[in-house]
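User: I'm new to this one and would like to know what the terms rest on. Can you take me through it?

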Amino acid sequence: MANIDQSAATGTRIFKYIDALAQISESPENLTRVSFSAEHKRANSLVAQWMTAAGMSVRTDSIGNIIGRYEGESDGPALMIGSHLDTVRNGGRYDGMLGVVLPLVCIELLHEKKQRLPYPVEIVGFCDEEGVRFPSTLLGSRAIAGTIDEAVLQDRDASGITIAEALKGFGCDPTALATARRKAEELLGFVEVHIEQGPVLEREDLPVGLVTAISGASRYRVKVTGSAGHAGTVPMGLRQDALVAASECIVDIEHICTNMAHVVGTVGMITALPGAGNVIPGDVEFSLDLRSSQDTYRDNAEARIFASLAEISKRRQVTIQHERTYQAASTSCDSWLSDQLGSAISSSGYRLHSLPSGAGHDAMALAKLTPVAMLFVRCKNGLSHHPDESITQEDAAAAATVIMNLLTRFDTNV
Ligand code: GLV
Ligand code: MN
Ligand code: MN
């Protein structure tokens, strides 16, 4: 077990950095920091300062990930550790950020002791994990894994700005996207520390847990086209109200997912046009997010949902089109790397508890390139994507002890 004073001081440091990042927001009332925004740029600069002070060389890659490298005694492949610096709208301060600042503090502690590890470590603050601004997601980690189709750079945000334009505004060169890609032989693996975002560790009375697998996810854009008209003159029986049709679709999605095992479906965004109180809505667009730990369950849910939407479209005489904007298969964590992380949990004095992740993470993109493992940290009431998201300093310190034990005892032999 770590020395208690040392570990309390580590928790304080982690929280100081978390607090500083939580001040960088689009709005003073809440924490909102979307990819490639001015706030994102400020967050990257702050993290870069901390990385430099911790003895790391720092660079921003072509997709806007901030990367700090702590050289090892040898110049072999690096262990990459990180998470994301973007947030959802009105989000919490730990989702993503904890996974950047916690390993950064570990490197800071090593640097203060002038301690080098036998291998290099790279800490990454990924640019886009939440996928809040653009229809796709995991842009930073997918660019590193080399799995982004360049056509995605033409996707637009709600104000019509493409990813390519946003990247230019951020100071990155979108034509150099491919340079963000890393080679498998440059890396030993990727480890992500993340709040659990669920209630299991709290129930188990444990500060940390080992992730076994990450659920797969699909995102869709659904467009319903009816007929706009005067709210006072068009009789109810003669309407093609796109919003009422969309409402029926949304209730059906809930019904289908509720009645299928291991599938969750969410409609989180909707727009109705022309958007006036006295006009029947003619055009509606809504998002759909579908997830499951088993890809076949998600495929079945998708088939049932779109069959139901086709039936609604026919009955209500509206057009319903859908487009998949993102898809990720469910991902298993690597056993060689997870065994080492599991040993670090045990040797830090915590009972080893393994659990799957229902939320998506950068690790799922990195798994296409290199072995991945994840450490979950207990969060209060399992609440996340919410301003009341909360963890304790003690749990942050416990997770830092685990990561220090992983780093200092890491066996680079596969
Ligand atoms: C990210 O938090 C996601 O799971 O959508
Ligand atoms: Mn996250
Ligand atoms: Mn999140």
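User: How do you know that the count of salt bridges between domain 1 and domain 2 is what it is?

Analyst: A salt bridge needs a side-chain nitrogen of Lys or Arg within 4 Å of a carboxyl oxygen of Asp or Glu. Between domain 1 and domain 2 the count is zero. Keep in mind that this is a predicted model, where local features need pLDDT of at least 70, side-chain atom pairs count only at pLDDT 80 or more, and totals for chains, interfaces and linings use all residues. Residues are numbered from 1 along each chain as its sequence is written, chains are lettered from A and ligands numbered from 1 in the order in which they are written, and side-chain values use heavy atoms, with hydrogens and water left out.

User: What makes domain 1 and domain 2 separate domains here?

Analyst: The bounds come from an automatic or database domain assignment. That assignment gives 9–215 + 331–409 as domain 1 and 216–328 as domain 2. Taken over C-alpha atoms, their centres are 33 Å apart.

User: How many residues of domain 1 are in contact with domain 2, and what counts as contact?

Analyst: Contact means heavy atoms within 4.5 Å. By that rule, 13 residues of domain 1 touch ten residues of domain 2.

User: What is the area buried between domain 1 and domain 2?

Analyst: Buried area is the accessible area (1.4 Å probe) that two parts lose on being put together, summed over both. Here it is about 780 Å², with carbon and sulfur atoms giving 51% of it. On the domain 1 side, Pro 135, Thr 137 and Ser 215 lose the most area to domain 2, together 54% of what that side buries.

User: Now the metals. What makes His 84 a donor of the manganese ion (ligand 2)?

Analyst: Donors are N, O and S atoms within 2.8 Å of the metal (3.2 Å for Na, K and Ca); water is not among the atoms, so sites may look incomplete. NE2 of His 84 qualifies, because the ion's donors, His 84 (NE2), Asp 95 (OD) and His 194 (NE2), sit at 2.0 to 2.2 Å. Along the chain they follow the spacing H-x10-D-x98-H.

User: And which residues serve the manganese ion (ligand 3)?

Analyst: Asp 95 (OD), Glu 130 (OE), Glu 130 (OE) and His 385 (NE2) do, lying 2.1 to 2.6 Å from the ion.

User: Why is Asp 95 called a bridge?

Analyst: Asp 95 coordinates both manganese ions, ligand 2 and ligand 3, which are 3.4 Å apart. It's called a bridge because it is a donor to each.
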